[in-house]
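Hi,

Here is the structure I said I would pass on. Have a look at it first, and my notes on what turned up follow below.

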Amino acid sequence: MKFNDFAVALAERMSGPLEVLGFKRVSDDLFVRFNETHEINVISVQKHSSEPSVCLNFGVHYDFMPKIGSTELPSEGEVELPDCEVKVRITPDLSQKDHWWPISSDSVDEIVALTESRIEGFFNRYNINGDISSIVVDDLNDGLPDVFASLTKVRLCLVLARIQETLSNTEAAVAFAKYGIKAAGMAVGPKKMLKEVLKRVEQN
């Protein structure tokens with residue numbers, strides 16, 4: 001079985017259930033959902049660079065954040081996994097960091113079942129009106145919250161500052177922006193964006 005055939009078979013199985021949940025099939029190996037509450041959810045099947053195998057990735061971004069490595073805000077049909085703030089490899093065993101499936105019909109069944117079992121629980125954790133809105137600056141002193149473990153501390157400060165700004169929580173947005181600026185050191189790009197957040201919220 002070739003990857004293209006595998007991707008088509010997988011997409012045909014996943015399209016119906018994912019469309020019910022609001023996802024759009026961008027390509028056979030990419031599904032994207034834009035939520036009304038600002039979250040962008042990405043499901044991506046990735047082909048191994050040298051082996052006949054694939055992995056499953058979930059990504060999270062926010063429509064008020066520029067795509068990673070860009071100054072452009074995301075738009076529907078133009079968001080892929082590398083654009084996302086959060087990128088997580090989905091594995092059958094939660095203790096695993098990585099897992100690759102052989103390109104086969106059996107793997108289609110396994111990936112479909114795993115996606116259906118994890119999708120809402122995973123993406124709900126990143127809703128800006130959910131638990132992440134209660135994260136405070138002091139929570140960052142002893143390490144990063146598990147939900148954002150894949151980010152650097154400075155990048156997380158930027159994400160949380162923008163979330164709080166979007167929620168009109170000025171005091172929290174200022175606190176994360178100032179904390180991030182202090183932690184940024186020589187990281188020019190993130191520091192600039194954090195200063196922009198601070199300027200906007202302090203003017204309002």
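A quick word on classes before the pocket: Ala, Val, Leu, Ile, Met, Phe, Trp, Tyr, Cys and Pro count as nonpolar, Asp, Glu, Lys and Arg as charged, and everything else, Gly among them, as polar. Also keep in mind that this is a predicted model.

With that split, the lining of the largest pocket comes out as 8 nonpolar, 5 polar and 6 charged residues. The lining has 19 residues in total, and those nearest the pocket centre are V88, R89, F122, R125 and D146. Two elements give two or more residues each to that lining, namely β5 (86–90) and α2 (105–124). As for volume, the largest pocket holds about 530 Å³ of space.

Now the enclosed space. How many cavities of 30 Å³ or more are there? The count is 1, and the volume of the largest cavity is about 40 Å³. Its lining is made up of L10, A11, M14, D28, D29, L30, F31, I43, S44 and V45. The elements giving two or more residues to this lining are α1 (3–20), β2 (30–34) and β3 (39–47). Sorted by class, the cavity lining has 7 nonpolar, 1 polar and 2 charged residues.

Stepping back to the whole chain, you have 5 helices and 6 strands. Going along the sequence, the order is α-β-β-β-β-β-β-α-α-α-α. The radius of gyration is 18 Å, close to the 17 Å that the globule rule gives for 204 residues, so the chain is as compact as a globular protein of that length. Along the principal axes, the C-alpha trace spans about 55 × 30 × 30 Å.

A few more totals, in case you want them for setup. Of the 204 residues, 44% count as buried. If you take the contacts with a separation of 6 or more, 55% of them join residues 24 or more positions apart. The chain exposes about 10,500 Å², and carbon and sulfur atoms supply 50% of that.

Then some single residues to click on. Is S107 buried or exposed? S107 sits in helix α2, and it counts as buried because its relative accessibility is 2%, where the cut-off for buried is under 20%. Setting aside neighbours within four places in sequence, S107 is in contact with F6, W101 and P102.

Two residues also caught my eye for their backbone angles. H38 has a positive phi of about 85° although it is not a glycine. You will find H38 in the loop between β2 and β3, and at 27% relative accessibility H38 counts as partly exposed. The other one is S168, also not a glycine, with a positive phi of about 65°. S168 lies in the loop between α3 (153–166) and α4 (170–184). S168 has 60% relative accessibility, so it counts as exposed, the cut-off there being over 50%.

That's the lot from my side. Shout if anything is unclear.

Cheers

Note on methods
Residues numbered from 1 in each chain as written. Predicted model: local features only at pLDDT ≥ 70, side-chain atom pairs only at ≥ 80, totals over all residues. Heavy atoms only, no water. 1 Å grid on protein atoms, 1.4 Å probe; cavity = no way out; pocket = protein on both sides within 12 Å on 5 of 7 lines; lining within 4 Å. Points joined across faces, edges and corners; volume = space filled by probe spheres on them. Helix = DSSP H or I, 4+ residues; strand = E, 2+ residues; numbered from the N terminus. Rg over C-alpha atoms; globule rule 2.2 N^0.38 Å. Buried < 20%, exposed > 50% of the residue type's maximum accessible area, 1.4 Å probe, protein only. Contact = heavy atoms within 4.5 Å. Areas by Shrake-Rupley, 256 points an atom, 1.4 Å probe, with all protein chains shown as cover.
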